[in-house]
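I set out to record what I looked up in this structure, entry by entry. The notes begin with one residue and then turn to the two chains and their charged pairs.

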Protein chains: 2
Amino acid sequence: VPGRIVVVGSGAAGIGAAAAAKAIDPSAEVTIYSGSGDAAGGFDRLFLAGPQTCLDAGIVLRHGPRITAIDLDRRAVDVEGEGAAGWDRLVITAGSEPAGAGALPTDLEGLYAVGNIPSDEEWDRVLAGAKVAVVVEATAPGLEMVTALAERGIETHLVDPRASTLAGAADPDIAAPVEESWAEMGVKTHFNTRVEGLLGEGRVRGVRTSEGELPADVVVVCSRPPAGNDLAAAAGLVVSSGGGIKVDERMATSAAGVWAAGECIDLPGGARFPLQDSGSQAYAQGRVAGTNAAGGSRAYQPAYVPWSLPAGRWTLGGVSFGETQATAAGMPYVLGKATGISRARYYPDVKKVTVKLLAEPGSLRLIGAQMVGGEGIKERADFLGMAVKMGITLTDLAFMENVYSPPIGALNEPIAVAAQNGLATLEASR
Amino acid sequence: VPGRIVVVGSGAAGIGAAAAAKAIDPSAEVTIYSGSGDAAGGFDRLFLAGPQTCLDAGIVLRHGPRITAIDLDRRAVDVEGEGAAGWDRLVITAGSEPAGAGALPTDLEGLYAVGNIPSDEEWDRVLAGAKVAVVVEATAPGLEMVTALAERGIETHLVDPRASTLAGAADPDIAAPVEESWAEMGVKTHFNTRVEGLLGEGRVRGVRTSEGELPADVVVVCSRPPAGNDLAAAAGLVVSSGGGIKVDERMATSAAGVWAAGECIDLPGGARFPLQDSGSQAYAQGRVAGTNAAGGSRAYQPAYVPWSLPAGRWTLGGVSFGETQATAAGMPYVLGKATGISRARYYPDVKKVTVKLLAEPGSLRLIGAQMVGGEGIKERADFLGMAVKMGITLTDLAFMENVYSPPIGALNEPIAVAAQNGLATLEASR
């Protein structure tokens, strides 16, 4: 049984790893160093009830000092200003570098990237003077950025080389309502468009794209950022060709006693699932790494990890394969689709909910889901993740029972109707 | 194969029956008569996209005329002003009488009962002059009424003979936040208190209770209303000692070719599940009745039907057994409980979510759940209803994957944490 477990990074992966390790082995001494991590929105924000909750769980939090090196031979990390701290097991969740780091000029005022957005106060000041913004790439942070800028009344342009929002993760029909709501909010989307350069000297003036120039006061690059592999590479851990720390399905690195999770890794075989770089996947990977580091045994199964995020006036969500991915993978599927509503239609704030279910032909076991709606998409995604994992079928879902309560739930649950429609389509094709 | 299916009533049970019948046998001629039904909030409000949706599904809607009699021998209903309409199969979803009908005086101004609330406009007028209201019984409609009255700024008193809100359905610890939020809204709750009479002549002045008099300008009786059995009893159908139409688990009445569902029935053996009289259960019963009426085969399984409803500043929900019910039934259980949050805690409108899971000792299969929170309770209840049905265990739920997306989902899904806590408690007791 390992005594000292050190977790480098306090993002979703780091917190997941520490909590899982402590749950598996309550006697382990678990320490999180946030210095090199990607504490999105501030360290203490990641906790249920603040750092106190972590302390209550017996996890030691070190928010100040950075980890400057990992020594595999001595089994220690170098803590800035403190010297070596020993570990028996190490979990690296070093997150990512700022998007475009190394590729973007650092001296252009008005140019920002994911992981490099200034504090709220300074950001407010930047945007107060901005009339037009360009967001580069419709990734998960890109969606959030576009929506936030548009809500501030800034003329916002989204440039993405692919054909639709979250292409590959969200099917185009599922993403369409988001794009429509952006249009209502004044957002201009430029799909199938590559950014080929930046305009301006000293201060950004816009971007040059494959379809012409787009002037802007602010440019925010939201491309998927490169993995944070510096510490690991310097320590001699194997880094994959994709730039991430190489791990197996147990999140074990090339070194005994060292695990890694989150945005700093590359998955075995380069496997890609929807929003592989999302917080949901990072948290799931962290839990696997922490479990194994503490002596447990668990494999990472990305196909069961649901995803969901708000965008425009909608919330997107799903699990495992959508139509785009299934088609790309050459996987046959039975499709059930339905559009329902989030509450009785005479209630305020009623929203459409569209559900697509993909099932394996023959067995009719669920292999994926895609959704767009308002409330309850995250909870439906969690449910359908479990449904994929447990081998639940379209038939099971077609006969599911559901709440009927006009202010919060319509007579027909869209998941059930989608499953019923899938069965009806199948029946009609026989 | 039956040709003509008549559905009496257009509440959740009636709509569920008609839709299920049409799905089972698309060639069937399905007609809904709403006249005798309990079209809560108006007939057209019950539909996804209004009556048009029903028409599109090939269901005939008759909103005007009342059904005045059922003739079992001729297999016809008497339609007011139209004469006999024949059926091959009949589904009765006649709802309930107004609460207290027959027991309450009809000549007291200011006295209302469930099913007898005037139109929005008149109700506004009534309440405009009201300073103090008494709501009798913390049933599902009672909860809605208390909350709505308090939100209008009326000093609202809730009188209930039982010990807590939705006693029997919601465990006291689950109901507690609702009661606290009512207190913040100025509601005075009077539990363990019986209403023994009404005060006032011509106009209601309040109620006399086992604990003294409570003055009021408006009194709303929300006690569970008696089953609407008039038509059925007159036709010679067997009515149970509870006052409802007697049905078996397939929702078949004592007469061949006649089914019944919703608030007008009594369940076999007097079985009681949480909110047995809720819209969720009525809809589930209706679907069973409609399926069987159209030649399908399905049994009603109330233990799998989730429930949820807003109350005060919270939403309650669950499925099957809570602690109160399991204890009353002498059922042993393993308990897992956790309080989490609905989104990252630094986001606006973050709410606590408390989940209790009950599992069968040994197998650890889920046997019930109770919840209180904000968004996503209805969707979690749907999920857990399916989990009970599919035999999912505490261990399965402890290892479920979940969305992490700060604006809509916290790192830890409370369902997973409750399951983990249940397993930890079990481990500690060994």
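Entry 1. I looked up the accessibility of B:R380 and found it buried, with a relative accessible area of 2%. The model is a predicted one, and I read every value below as computed from it.

I then looked for the charged partner of B:R380. It forms a salt bridge with A:E379, in which the closest N and O atoms are 3.6 Å apart. B:R380 lies in helix α9 (residues 377-390) of chain B and A:E379 in helix α9 (residues 377-390) of chain A, so this pair joins two chains. A:E379 is buried as well, with a relative accessible area of 6%; the cut-off for buried is under 20%.

Entry 2. Which residue meets the side chain of B:R380 in a polar contact of 2.8 Å? I found B:E413 there, joined to B:R380 side chain to side chain. I placed B:E413 in the loop between α10 and α11 (414-428) of chain B. At 1% relative accessibility, B:E413 counts as buried.

I next listed the contacts of B:E413, leaving aside neighbours within four places in sequence. They are A:K378, A:D382, B:R380, B:M400 and B:N402, with residues of chain A and of chain B on the list. For the residue of that number in chain A, I noted a salt bridge between A:E413 and B:K378, with 2.7 Å between the closest N and O atoms.

Entry 3. I asked how chain B is related to chain A. Chain B can be laid on chain A with an RMSD of 0.0 Å by a turn of 180 degrees and a shift of 0.0 Å along the axis. That is the relation of a two-fold axis. In chain B, the C-alpha nearest the axis belongs to B:G376 and lies 2.4 Å from it. The same surface serves both copies, as 100% of the contact residues of chain B recur in chain A.

Entry 4. I then examined the interface itself. In chain B, 61 residues are in contact with 61 residues of chain A. About 5300 Å² of area is buried between the two chains, and carbon and sulfur atoms give 60% of that area. Across this interface I counted eight salt bridges and 18 residue pairs in polar contact, both residues being at pLDDT 80 or more.

Which elements of chain B each supply at least two residues of the side that touches chain A? I recorded α1 (12-24), α7 (279-293), β19 (306-311), β21 (334-341), α9 and α10 (394-398). Of these, α9(B) gives the most, with nine residues. I also sorted the residues of this side by type and obtained 33 nonpolar, 13 polar and 15 charged.

Entry 5. I searched the whole structure for salt bridges and found 42 over all chains. One of interest is that of A:R152 with A:D124, whose closest N and O atoms are 2.6 Å apart. A:R152 lies in the loop between α4 (140-151) and β10 (155-159) of chain A and A:D124 in helix α3 (residues 120-128) of chain A, so the pair ties together parts that are 28 residues apart in sequence. Buried or exposed? Neither word fits A:R152, which counts as partly exposed at 42% relative accessibility. A:D124 is likewise partly exposed, with a relative accessible area of 38%.

Entry 6. In chain B, I looked up the salt bridge in which the side chains of B:E109 and B:R203 meet, at 3.9 Å from N to O. This pair links distant parts of the chain, 94 residues apart: B:E109 is in the loop between β7 (89-92) and β8 (111-113), and B:R203 in the loop between β12 (195-199) and β13 (206-209). B:R203 counts as partly exposed, at 39% relative accessibility. I also noted one network, in which salt bridges that share partners join A:D171, A:D173, A:E323, A:K337 and A:K356.

Entry 7. I closed with B:G197, which has its place in strand β12 of chain B. B:G197 counts as buried, at 16% relative accessibility. B:R208 stands 11 residues from B:G197 in sequence, and their C-alpha atoms are 5.0 Å apart in space. Leaving aside neighbours within four places in sequence, I found B:G197 in contact with B:V207 and B:R208.

Conventions. Residues are numbered from 1 along each chain as its sequence is written. Chains are lettered from A and ligands numbered from 1 in the order in which they are written. This is a predicted model: local features need pLDDT of at least 70, side-chain atom pairs count only at pLDDT 80 or more; totals for chains, interfaces and linings use all residues. Side-chain values use heavy atoms; hydrogens and water are left out. A salt bridge is a side-chain nitrogen of Lys or Arg within 4 Å of a carboxyl oxygen of Asp or Glu. Helices (H or I, at least four residues) and strands (E, at least two) are DSSP runs, numbered from the N terminus. Buried means under 20% relative accessible area, exposed over 50%, partly exposed in between (1.4 Å probe, protein chains only). Copies are superposed by least squares on the C-alpha atoms of residues with pLDDT of at least 70 in both. Contact means heavy atoms within 4.5 Å. Buried area is the accessible area (1.4 Å probe) that two parts lose on being put together, summed over both. A polar contact is a pair of N or O atoms within 3.5 Å; within protein, one must be able to donate a hydrogen and the other to accept it, and residues adjacent in sequence count only if both atoms are side-chain atoms. Ala, Val, Leu, Ile, Met, Phe, Trp, Tyr, Cys and Pro count as nonpolar, Asp, Glu, Lys and Arg as charged, and the others, Gly among them, as polar.
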